[in-house]
Amino acid sequence: QVQLVESGGGLVQPGGSLRLSCAASGSIFSIYTMGWYRQAPGKQRELVAAITRFGTTNYSPSVKGRFTISRDNSKNTVYLQMNSLKPEDTADYYCNADIIQKSGGRDDNWGQGTQVTVSS
């Protein structure tokens, strides 16, 4: 059994910053790609940023230059530093991880989501 727990969401003014964290726990052998997705009301879930185990990153054009994804493999944790936040960044943010379990199974895992609201 694997669990992803996110933290760090909240209310911030336009131009402000937030840092999201997502820690994976359970019977983990290895974690491949970890990423952050977001879903705004009435919209489809979209990829925000992703990072491979070896540090290769990929960003949505809408956040490139403002958001930074990083991970600590020793802690099975992925981070999303969000700077210069805009009202259009308002959404529920979800952590995702491609995990190999000690049993040998491989699953695409999701966190419960954390809300980010950018408003004055």
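**View 1. Arg71 and Asn73 make a side-chain polar contact**. In this predicted model, the side chains of Arg71 and Asn73 meet in a polar contact of 2.7 Å. Arg71 has another polar neighbour in the backbone oxygen of Tyr32, which lies 2.6 Å from a polar atom of the Arg71 side chain. Arg71 itself is part of strand E7, which covers residues 67-72.

**View 2. Arg71 is buried without a salt bridge**. Look for an oppositely charged side chain around here and the nearest one you'll find is that of Asp72, 8.2 Å away. A salt bridge would need a side-chain nitrogen of Arg within 4 Å of a carboxyl oxygen, so at 8.2 Å Asp72 doesn't qualify. What does Arg71 touch, once neighbours within four places in sequence are set aside? Its contacts come from several stretches of the chain: Ile31, Tyr32, Thr33 and Met34; then Ile51, Thr52 and Arg53; and also Thr77, Val78 and Tyr79.

**View 3. E7 sits at the edge of an open sheet**. Now to the sheet that holds the strand of Arg71. Four strands line up in the order E1-E3-E8-E7, with antiparallel pairing. Strand E1 (2-7) and E7 are the edge strands, each with a single partner strand, so one side of each has no neighbour in the sheet. On average, neighbouring strands here are turned by 15 degrees against each other, ignoring direction.

**View 4. E1 pairs with E3 at the other end of that order**. Six bridges link E1 to strand E3 (residues 18-26), in the antiparallel sense. To find your place in this pair, start at Leu4: its bridge partner in E3 is Ala24.

**View 5. Strand E9 is mostly covered**. E9 runs over residues 91-101, and 10 of its 11 residues are buried. Which strand pairs with E9 over nine bridges? That's E4 (residues 28-39), in the antiparallel sense. Ile28 stands opposite Gln101 of E9 in this pairing.

**View 6. E9 also pairs with E10 and E11**. With strand E10 (residues 106-110), E9 forms five antiparallel bridges, and Asn96 stands opposite Trp110 of E10. The two strands make a hairpin with four residues between them. In that turn, check out Gly104, which has a positive phi of about 100 degrees. E9 and strand E11 (residues 114-118) are antiparallel as well, joined by three bridges. Here Ala91 has Val116 of E11 as its bridge partner.

Technical notes
Residues are numbered from 1 along each chain as its sequence is written. This is a predicted model: local features need pLDDT of at least 70, side-chain atom pairs count only at pLDDT 80 or more; totals for chains, interfaces and linings use all residues. Side-chain values use heavy atoms; hydrogens and water are left out. Buried means under 20% relative accessible area, exposed over 50%, partly exposed in between (1.4 Å probe, protein chains only). Lys and Arg count as positive and Asp and Glu as negative; His and the chain ends are not counted. A polar contact is a pair of N or O atoms within 3.5 Å; within protein, one must be able to donate a hydrogen and the other to accept it, and residues adjacent in sequence count only if both atoms are side-chain atoms. Contact means heavy atoms within 4.5 Å. Two strands pair if DSSP finds at least two bridges between them. Axes are lines fitted to C-alpha atoms, for helices over the stretch in contact, and angles run from 0 to 180 degrees between N-to-C directions.
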